[in-house]
Amino acid sequence: MDWWQTGVIYQVYPRSFQDSNGDGIGDLAGLTTRLEYLAWLGVDAVWISPFYPSPMVDFGYDVTDHTGVDPAYGTLADFDALLARAHALGLRVLVDFIPGCTSNQHPWFKESRASRFSPVRDWYIWRDPAPEGGPPNNWLSHFGGPAWTLDETSGQYYLHTFLPEQPDLNWRNPKVQVALLDVMRFWLERGVDGFRIAAVPLLVKDVQFRDEPPNPDFDPQWDNPRYQRLPVYADNQPEVHDVLRHFRRLLDTYPGRIAVGEMPDYFPPETLAVYSRPDRLHLAFTPCPLSLPWRAADLRACADKTQAAFGAEVWPTWVMGNHDRPRLTSRIGPAQARAAALLLLTMRGTPFIYYGDEIGMLDAPIPPEARRDRVRSARPPNEADGGPANRSRDPGRTPMQWDSMPNAGFSGTPPWLPIGPDYEHRNVAAQRADTGSLLSLYRFLLRYRRGSPALQQGTYRSLDTDSPECFAFLRETPEERLLIVLNLADTARVVSLPPLGEGQVITSTLMDRAERIDLQTIFLREHEGILFDVHGPAEAEEVLP
Ligand code: GLC
Ligand code: CA
């Protein structure tokens, strides 16, 4: 097993983690001072969202220089110091890599748009208007409106999967491939442990730019008209896999370095499995449980299907939150945050923790004048996100709540986004001091996981229960057998399980039980989850002569 299979990865949104110079914006030097916290918490790696020079139209996902640091976040020397400190603490560092588009302020795009005859014209995707005028085809931006913008000077349209300020690079041009592989090499040489690669399946487009077919399920109530079309030609083209093979060949020359790919939530696990073959991505983000309603049956079905599609060869990820989604605790309700922690850290696969989820941070109210995100909604309405909503991503990106000091210990001045109004009681300092807090539960589970072969690499098998709101599963290696039982209901449940023998409570999500019980019937309080060490007949047989 490799570190990226047994380890846990923590996502930091650098703008919101720690400000070191009092400008209200988180920065790399600030993050460096907080790495000790991450080591204390017990994660293995940090994934840092983009810190590259950027006009910040999409907060760093619109890059003007893939090999620099935006002055708001510091300097390359600050990055080197961060990396050195992380490595000294035993933490690995992944950086975000955005190969699919650049900012429209990137020198490449400026040169490309300068004229039809620019030597780098073909680095981006330029097309003539349709014969009857208008955009070359019917593709829509993920962030609303057509995916094409007319450049008046040359009379041609350029393609942008996201905002008009984010023109797509042309991955069919070998020079683009070389330039972006050089970017990867640059960071690998600096010592990063890998990349989170943005929007992987969108890298290569249909060579004929055919119109997308209509989506028969489209509902005009949906706030994102992009879903009027099925993603057939702008997405998931076979040539993407050639690109991934290039990435992988480069990564394989640097042992231990990895690529994690961002994937859309409409890919079935069979498709994700292809992206995670041994010559492609190490990990592809799996849609469950992030994109599921918080119901035992849905979670079980998704875990079982993922397991069946991935088999023993392909390694899954488990993600509960990220910078593009509503906060986990807001999505499932504060009472379930502990069950979510237990599930995240006991499933088979690599868990990702979004900063602040370990203290149960909630979506913060953002008054209209404080709003920063230009993107409304990148997704169709989804039960998991709380139904149709014309939502900004700001509420889930507010500053980390470190303590009860002004500005939550994040900054000496009011930050770029408001602090969550609950910071005086919901913060790291308060939860560190409380042995029964959500943070203490995360820390306990992270430590337990580290010493547990079954949690790190064991098999997964879900169990039938007679309680539809409960989810039970086993994680097993020859030497260790663990049972996880979760009650997602807001009332107590008695769960009957197939015979397993006796079990010792390792922890309850409420951190107040330590008994040994017969596992045939398990009493769970509302919202409770329990991790058991199973001492079943299997073990008894082993000790007999
Ligand atoms: C990635 C990021 C998202 C960003 C998008 C477009 O998917 O996760 O935050 O908006 O790329 O740039
Ligand atoms: Ca700062």
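Mentor: Let's start with the vocabulary: helices (H or I, at least four residues) and strands (E, at least two) are DSSP runs, numbered from the N terminus. Keep in mind as we go that this is a predicted model.

Trainee: Thanks! With that numbering, where does P289 lie?

Mentor: P289 belongs to the loop that links strand 9 to helix 8 (296–310). The peptide bond leading into P289 from C288 is cis, its omega being near 0°.

Trainee: Which other loop residue should I look at, going by its phi?

Mentor: Try N236, a residue other than glycine whose phi is positive, near 55°. You will find N236 in the loop between strand 7 (194–197) and helix 6 (240–252).

Trainee: Now the sheet. What order do its strands take?

Mentor: The general idea comes first: strands of a sheet pair through backbone hydrogen bonds, in either a parallel or an antiparallel way. Here, eight strands form an open sheet with parallel pairing, and the order reads 9-8-7-3-2-1-11-10.

Trainee: Why is one side of strand 9 and of strand 10 left without a neighbour in the sheet?

Mentor: Strand 9 (283–284) and strand 10 (317–319) are at the edges and have a single partner strand each, so one side of each has no neighbour there. For strand 9, two bridges in the parallel sense join it to strand 8 (residues 258–261). In one example, G261 has A284 of strand 9 as its bridge partner.

Trainee: On to the ligand. Where does ligand 1 sit, and which residues surround it?

Mentor: Ligand 1 occupies the largest cavity. Around ligand 1 are D58, Y61, F143, F162, Q166, R196, E262, H323, D324, R393 and R397. By class, this shell has six charged, three nonpolar and two polar residues.

Trainee: What distances separate polar side-chain atoms of Q166, E262 and H323 from oxygen atoms of ligand 1?

Mentor: For Q166, a polar side-chain atom is 2.9 Å from a ligand 1 oxygen. A side-chain N or O atom of E262 lies 2.7 Å from an oxygen of ligand 1, and for H323 the distance is 2.8 Å.

Trainee: How much of ligand 1 does the protein bury?

Mentor: Taken alone, ligand 1 exposes 310 Å², and the protein buries 96% of that.

Note on methods: Residues numbered from 1 in each chain as written. Chains lettered and ligands numbered in written order. Predicted model: local features only at pLDDT ≥ 70, side-chain atom pairs only at ≥ 80, totals over all residues. Heavy atoms only, no water. Near = heavy atom within 4 Å. Polar contact = N/O pair within 3.5 Å; in protein donor to acceptor, adjacent residues only side chain to side chain. Areas by Shrake-Rupley, 256 points an atom, 1.4 Å probe, with all protein chains shown as cover. 1 Å grid on protein atoms, 1.4 Å probe; cavity = no way out; pocket = protein on both sides within 12 Å on 5 of 7 lines; lining within 4 Å. Sits in = over half its atoms within 2 Å of the grid points. Nonpolar A, V, L, I, M, F, W, Y, C, P; charged D, E, K, R; others polar. Pairing = 2+ DSSP bridges.
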